[in-house]
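Take a moment with the sequence and the fold before reading on. The paragraphs below go from single residues to the whole chain and back again.

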Amino acid sequence: MISVALIEDNRMVREGITTMLGQVSDFSVVAAASRGDATLLRDAKPQVVLLDVGLWDDDSLRVAETVKRECPGSRVVIMDLLPVHEEIVEFVNAGVSGFILKDATFDDMVRTIRAVASGEHVLPPEMTSSLFSQIARDAVVRGKAAMLESVQMTPREREVIALIGEGLSNKEIATRLNIATYTVKSHVRNVMEKLALHTRLQIAAFAHRNTAR
């Protein structure tokens, strides 16, 4: 079972999403609240926290940071409007693992929750270029680009980096390269270790910067 907590200040939306998620066989809604109460989250220990980006009485970025600090095993998914690219970077830096836009279908939400729970990072196509461009610019400003380019990669690892840059999931990469999904995961781990990166989004930013030159 995937345990889910929902932080949404619109009561009707909160109750509706809770009811719908409760009907998914492998989901368990362990908490639903209008605010990001740290005690509630610590007690619930959810695998995935769905967080409304536009809380009226709270700061969603602060809540995301609180979740990662108080519940390091929980993964955060931001819901609703499309943030500007600077805000997306802030959320990613705060440890957010995925985004669900307001026009997403319920099936999109279910797929995103499952993917994030399995360790993936999910980004809607609408966000891709702005996020990757911003992270790439930040990497150059910090002087990290030269260090990254000096790392030796195997041909297969470079293929995996390029396909992550295209936004492909592990399963899609496995199909494209005709290899097992667990092999892709192994390559991703190796890439992260070699580049001193922590998420697939950062790998994609690296790919984006290098292919854009």
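Does Lys-45 count as buried or exposed? Lys-45 counts as exposed, because its relative accessibility is 61% and the cut-off for exposed is over 50%. Its place is in the loop between helix H2 (38–44) and strand E3 (48–52). The backbone deserves a look too. Phi of Lys-45 is near 50°, a positive value in a residue other than glycine.

Now step back to the whole protein. This is a predicted model, and confidence varies along it. The mean pLDDT is 79, and 74% of the residues reach 70 or more. Strand E1 (residues 2–7) has the highest confidence, at 94. Helix H7 (residues 145–149) has the lowest, at a mean of 48. Over residues 143–148 the pLDDT is below 50. Even so, this stretch has 11 contacts in the model beyond near neighbours in sequence.

The protein has 11 helices and five strands. Of its 213 residues, 46% are buried. Many contacts span the chain. Take those between residues at least 6 apart in sequence: 67% of them join residues at least 24 apart.

One buried residue shows such contacts in detail. Leu-21 lies in helix H1. With a relative accessible area of 1%, Leu-21 is buried. Which residues does Leu-21 touch, not counting those up to four places away in sequence? They are Val-4, Phe-27, Val-29, Leu-50, Phe-106, Met-109 and Ile-113. Look at Phe-106 in this list. Leu-21 and Phe-106 are 85 residues apart in sequence, yet their C-alpha atoms are 9.0 Å apart in space.

Helix H1 also helps to line a pocket. The second largest pocket holds about 320 Å³ of space. Its lining has 18 residues, and Glu-8, Val-13, Ile-17, Met-79 and Asp-80 lie nearest the centre. Four elements give two or more residues each: helix H1 (11–22), strand E4 (75–80), strand E5 (96–101) and helix H5 (106–117). The largest share, three residues, comes from H1. By type, the lining divides into 10 nonpolar, three polar and five charged residues.

Helix H5 leads on to a loop. Gly-119 lies there, between H5 and helix H6 (128–141). Gly-119 is partly exposed, with a relative accessible area of 29%. Its partner for a distance check is Arg-75. The two are 44 residues apart in sequence and 8.4 Å apart in space, C-alpha to C-alpha.

Move further along the chain to helix H9 (residues 170–177). Its buried residues are Asn-170, Ile-173, Ala-174 and Leu-177. They cover an arc of only 100° around the axis, so they sit on the same side of H9. A general rule lies behind this spacing. An α-helix has 3.6 residues a turn, so residues three or four places apart point the same way. What lies on the other side of H9? Lys-171 and Thr-175 are there, and they are exposed.

After H9 comes Asn-178, in the loop between H9 and helix H10 (181–195). Is Asn-178 buried or exposed? Asn-178 counts as exposed, because its relative accessibility is 70%. Its phi is positive, about 60°, although Asn-178 is not a glycine. Compare that with Lys-45, where the walk began: there, phi is near 50° and also positive.

Note on methods. Residues are numbered from 1 along each chain as its sequence is written. This is a predicted model: local features need pLDDT of at least 70, side-chain atom pairs count only at pLDDT 80 or more; totals for chains, interfaces and linings use all residues. Side-chain values use heavy atoms; hydrogens and water are left out. On a 1 Å grid over the protein atoms alone, a cavity is a set of points where a 1.4 Å probe fits but cannot get out, and a pocket is an open set with protein on both sides within 12 Å along at least five of seven lines; lining residues have an atom within 4 Å of a point. Grid points are joined across faces, edges and corners, and a volume is the space filled by probe spheres set on the points. Ala, Val, Leu, Ile, Met, Phe, Trp, Tyr, Cys and Pro count as nonpolar, Asp, Glu, Lys and Arg as charged, and the others, Gly among them, as polar. Buried means under 20% relative accessible area, exposed over 50%, partly exposed in between (1.4 Å probe, protein chains only). The arc is that of the directions from the helix axis to the C-beta atoms. pLDDT is the predictor's confidence in each residue, from 0 to 100. Contact means heavy atoms within 4.5 Å.
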